[in-house]
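This report walks through a single protein chain, moving from a few aromatic and charged contacts to the overall fold. Please keep the sequence and the structure at hand while reading.

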Amino acid sequence: MSEKDYMNAAQLEFFRTKLQTLKEDILKHASETTEHLRENILVPDPADRATIEEEHALELRTRDRERKLLKKVEQALARIESGDYGWCEETGEAIGLSRLIARPTANLSLEAQERRELRQKLFGE
């Protein structure tokens with residue numbers, strides 16, 4: 001597609017909706033986790049209690065990953081509003097629709113992301 005057709009109004013609206021839905025899902029899961037952790041289940045068996053505690057720990061780790069994702073979602077929504085969404089922050093090139101559909105929070109093109117990951121691997125940045 002031509003550069004002028006890339007990130008047209010319909011595409012931006014599609015990604016805005018996709019990101020808003022993702023944000024709502026993350027917030028809903030966080031609310032459910034809060035309610036779930038408030039439930040006091042008295043279990044006399046230490047093994048059962050340990051299982052419940054492990055499940056809570058796993059749920060909290062999942063919510064922590066979602067918290068980080070929420071920040072990226074909000075940044076992507078801000079890029080939509082500023083007109084920068086869909087363009088690589090490092091090179092200024094188009095990120096590409098297929099990459100954005102797979103990862104709507106992407107802020108780097110595939111090539112730029114691969115270079116960044118290679119630098120991190122080589123230099124521990």
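Does Tyr 6 count as buried or exposed? The model is a predicted one, and in it Tyr 6 counts as buried, because its relative accessibility is 8%.

## Aromatic pairs

The structure holds 3 aromatic pairs. In one of them, the ring centres of Tyr 6 and Trp 87 lie 4.8 Å apart with the planes at 80°, so the pair is edge-to-face. This pair links distant parts of the chain, since Tyr 6 belongs to the segment before α1 while Trp 87 belongs to the loop between α2 and α3, 81 residues apart. Trp 87 has a relative accessibility of 22% and therefore counts as partly exposed.

Another pair is formed by Phe 14 and Phe 15, whose ring centres are 5.0 Å apart and whose planes stand at 80°, so that this pair, too, is edge-to-face. Phe 15 is buried, with a relative accessible area of 2%, whereas Phe 14, at 42% relative accessibility, counts as partly exposed. Phe 14 and Phe 15 also belong, together with Tyr 85, to one aromatic cluster.

## Salt bridges

Side chains of opposite charge can pair when their charged atoms come close. The structure holds 13 salt bridges, and the table sets out some of them by partners and N to O distance.

| Partners | N to O distance |
|---|---|
| Arg 16 and Glu 13 | 2.8 Å |
| Glu 66 and Arg 63 | 2.8 Å |
| Glu 90 and Arg 119 | 3.7 Å |

The salt bridge of Arg 16 with Glu 13 lies within helix α1 (residues 9–38), where the partners are 3 residues apart and are therefore separated by about one helical turn. Arg 16 counts as partly exposed at 24% relative accessibility, and Glu 13 likewise counts as partly exposed at 39%.

Glu 66 and Arg 63 are placed in helix α2 (residues 46–82), and because they are 3 residues apart there, about one helical turn separates them. What sets the description of this bridge is its surroundings: both Glu 66 and Arg 63 are buried.

The salt bridge between Glu 90 and Arg 119, with its N to O distance of 3.7 Å, spans more of the sequence: Glu 90 lies in the loop between α2 and α3 and Arg 119 in helix α4, so the pair ties together parts that are 29 residues apart in sequence. Glu 90 counts as partly exposed at 34% relative accessibility, and Arg 119 is partly exposed as well, with a relative accessible area of 31%. Through salt bridges that share partners, Glu 90, Arg 115, Arg 116 and Arg 119 are joined into one network.

## A nonpolar patch on the surface

Helix α4 (residues 110–123) also includes Phe 123, which counts as exposed because its relative accessibility is 60%. Phe 123 forms a nonpolar patch on the surface with Leu 118 and Leu 122, and together these residues have about 360 Å² of accessible area.

## The chain as a whole

The protein has 4 helices and 0 strands, and from the N terminus on its elements run α-α-α-α. Its radius of gyration is 20 Å, well over the 14 Å that the globule rule gives for 125 residues, so the protein is more spread out than a compact globule. Taken along the principal axes, the C-alpha atoms fill a box of roughly 65 × 40 × 20 Å.

How much of the protein counts as buried? Of its 125 residues, 26% do. The protein exposes about 8,800 Å², and carbon and sulfur atoms supply 53% of that area. Among the contacts between residues at least 6 apart in sequence, 58% join residues at least 24 apart.

Definitions and conventions:
Residues are numbered from 1 along each chain as its sequence is written. This is a predicted model: local features need pLDDT of at least 70, side-chain atom pairs count only at pLDDT 80 or more; totals for chains, interfaces and linings use all residues. Side-chain values use heavy atoms; hydrogens and water are left out. Patches are made of residues with over 30% relative accessible area and no salt bridge: like charges are joined within 9 Å, nonpolar side chains (Val, Leu, Ile, Met, Phe, Trp, Tyr) within 5 Å. Accessible areas come from the Shrake-Rupley method with a 1.4 Å probe; for residues, only the protein chains shown count as cover. A salt bridge is a side-chain nitrogen of Lys or Arg within 4 Å of a carboxyl oxygen of Asp or Glu. Helices (H or I, at least four residues) and strands (E, at least two) are DSSP runs, numbered from the N terminus. Buried means under 20% relative accessible area, exposed over 50%, partly exposed in between (1.4 Å probe, protein chains only). The radius of gyration is taken over C-alpha atoms; the globule rule is 2.2 Å times the number of residues to the power 0.38. Contact means heavy atoms within 4.5 Å. Rings of Phe, Tyr and Trp (its six-membered ring) pair if their centres lie within 6.5 Å; planes under 30 degrees apart count as stacked, over 60 as edge-to-face and the rest as tilted.
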